[in-house]
Amino acid sequence: MAAHHPVVIVGSGYAGLQLARQFRRHAPATPLVIVCADDGADYPKPQLSHAISKRQSATDLIRKSAKEVALELKALLLTGQQVKAIDPERQVIQLAARELPYRDLVLAVGAEAWVPPIGGDAIDEIITLNSLQHYQQYQEQLANSQRVLIVGSGLIGSELANDFLLAGKQVTLCDPTDRLLCSLTPEFVSERLHNVLAQAGCEFAFNTTLASLNQQSDCLLATFSDGSSVVVDSVVCAAGLRPRIALAQAAGLNVNRGIVVDKQLATSAPHIYALGDCAEIDGQLLPYLQPITLSAQALAKTLAGEQTRVQWPVMPVNVKTSSYPVQLAGEVRSDDLIWQLDEDDNGLTGQAFRQDALVGFVTSGQHITRSMALIKQLSEN
Ligand SMILES: Cc1cc2nc3c(=O)[nH]c(=O)nc-3n(C[C@H](O)[C@H](O)[C@H](O)COP(=O)(O)OP(=O)(O)OC[C@H]3O[C@@H](n4cnc5c(N)ncnc54)[C@H](O)[C@@H]3O)c2cc1C
């Protein structure tokens, strides 16, 4: 083992930086290198869902510059450096102009925003918001756009719709399914969020896909697969994420939907680990902050010499649609669940039972304060 070589983390998103912070608690003096393709600034990615209505610029979102991050972590932070290849045999990574040896390598390379196949002459105009750089590039255009089409009504699409409506924009939301948050929440939650967004002026195009996007003088003509169309100033695609697996795949590591790792975050190659949006942990993609934090805590210990498996507690998912916020955990989408609903003007609490045991819940509005007790109850079951 190249024991004198540094621990190298590829990626400076939440996963990379969270791991580096945790690692420093256990190994204050071990040489640490972070390599990233972006500028290495520390920013809260979930806040991209609120930036337009809060009139925040990309700069406003930066918590620490790369220089400050490097100082905090006592790490060498190589920014603007795309890792081109990994050689697991020799324990080196290939950068544009040089090789970098590693003792242990961690891939925290995130995921790409996926854009479905769309025809037309304006597909280059489609915006994705999956990084600070994306937001920096499009913030002015989005601020100046009055009519916005959002492709995808999942968590991020719904949050963006809510945010753009709050910013006074005319929003159309399209999705191939028949409702909001189809893969996340039960139908009764989708319906209520739908009503709130509709009251704020949102238009919906469900059961259809964006077939083509064409330039029309100074705006865009979006045509759907059902033949209907809408004229907009911007199109934001929130149709899902695809873990970045190419680098790992080319190095011969096992990949599936993500980079395949076990509960110690170990890939199929010795001394190579993965976490965050790029990783498929024990068969699951978990592109949320809480599982990343827990993964980082476990992996930091392993890298410091104490082999540790990640354990999942009950992990709630928050839908930050401020006009109708939703929190949920456990099983909420199976057809065989018996729901007990408690709803008033302040929101809703839905408890999902199977054979008299609580297996999941949904809270919304001010009822979100009840989530803690439900999480506790679920954990004890
Ligand atoms: C709009 C939005 C709202 C969200 N809201 C929530 C929320 O409310 N709650 C929640 O839990 N989660 C939320 N998420 C998800 C959460 O933000 C992500 O799961 C998390 O930030 C992913 O972090 P990551 O470090 O894995 O990936 P990323 O942040 O994508 O970082 C990837 C890093 O890898 C680098 N990289 C990639 N390829 C290479 C290469 N070849 N060489 C060098 N560097 C490379 C990139 O430059 C970058 O530094 C949201 C996401 C979005 C987009």
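**Figure 1. Close-up of the loop that holds Asp-282, between strands β19 (279-281) and β20 (284-285).** Helices and strands are DSSP runs, H or I over at least four residues for a helix and E over at least two for a strand, numbered from the N terminus. The model is predicted, and for this reason local features are given only where pLDDT is at least 70 and side-chain atom pairs only at pLDDT 80 or more, whereas totals for chains, interfaces and linings use all residues. Residues are numbered from 1 along each chain as its sequence is written, and side-chain values rest on heavy atoms, with hydrogens and water left out. The phi angle of Asp-282 is near 50°, a positive value in a residue that is not glycine. Most residues other than glycine have a negative phi. With a relative accessibility of 49%, Asp-282 counts as partly exposed, a class that lies between buried (under 20% relative accessible area) and exposed (over 50%), as calculated with a 1.4 Å probe and protein chains only.

**Figure 2. Close-up of the loop that holds Asp-356, between strands β24 (347-354) and β25 (357-365).** Asp-356, although not a glycine, has a positive phi of about 70°. The relative accessible area of Asp-356 is 76%, so this residue is exposed.

**Figure 3. Close-up of His-367 and its polar contacts, in the loop between β25 and α9 (371-380).** His-367 has a relative accessibility of 3% and therefore counts as buried. Its side chain is joined to the side chain of Thr-349 by a polar contact of 2.7 Å, where a polar contact is a pair of N or O atoms within 3.5 Å; within protein, one atom must be able to donate a hydrogen and the other to accept it, and residues adjacent in sequence count only if both atoms are side-chain atoms. A polar atom of the His-367 side chain also lies 3.3 Å from the backbone oxygen of Gly-347. Helix α9, at the other end of this loop from β25, includes Ser-379, which counts as partly exposed at 47% relative accessibility. Between the C-alpha atoms of Ser-379 and Ala-122 the distance is 49 Å, with the two positions 257 residues apart in sequence numbering.

**Figure 4. Close-up of the ligand and the shell of residues around it.** Among the 30 residues around the ligand, those that come nearest are Asp-38, Val-83, Asp-277, Leu-289 and Lys-320; a residue is near the ligand if one of its heavy atoms lies within 4 Å of it. A polar side-chain atom of Lys-320 is 2.5 Å from a ligand oxygen, a polar backbone atom of Ser-12 is 3.0 Å from an oxygen atom of the ligand, and an N or O atom in the side chain of Gln-82 is 3.2 Å from a ligand nitrogen. On its own the ligand has 1,000 Å² of accessible area, of which the protein covers 91%, the areas being obtained by the Shrake-Rupley method with a 1.4 Å probe; for residues, only the protein chains shown count as cover. Helices α1 (14-26) and α8 (289-303) are the elements that give two or more residues to this shell. By residue class, the shell holds 16 nonpolar, nine polar and five charged residues; Ala, Val, Leu, Ile, Met, Phe, Trp, Tyr, Cys and Pro count as nonpolar, Asp, Glu, Lys and Arg as charged, and the others, Gly among them, as polar. Because domain 1 (7-112 + 241-303) and domain 2 (115-237) both contribute to the shell, the ligand lies between them.

**Figure 5. Close-up of two loop residues, His-50 and Ala-96.** His-50 is placed in the loop between β2 (32-35) and α2 (58-61), and its relative accessibility of 15% makes it buried. Ala-96 lies in the loop between β5 (92-94) and β6 (99-101) and counts as exposed at 64% relative accessibility. The C-alpha atoms of Ala-96 and Ala-85, which are 11 residues apart in sequence, are separated by 9.6 Å.

**Figure 6. The setting of the close-up views within the protein.** Nine helices and 25 strands make up the list of elements in the protein. Its radius of gyration, taken over C-alpha atoms, is 22 Å, close to the 21 Å that the globule rule gives for 381 residues, so the protein is as compact as a globular protein of that length; the rule is 2.2 Å times the number of residues to the power 0.38. Of the 381 residues, 50% are buried. The division is into domain 1, domain 2 and domain 3 (325-380), with bounds from an automatic or database domain assignment, and the C-alpha centres of domain 1 and domain 3 are 34 Å apart.
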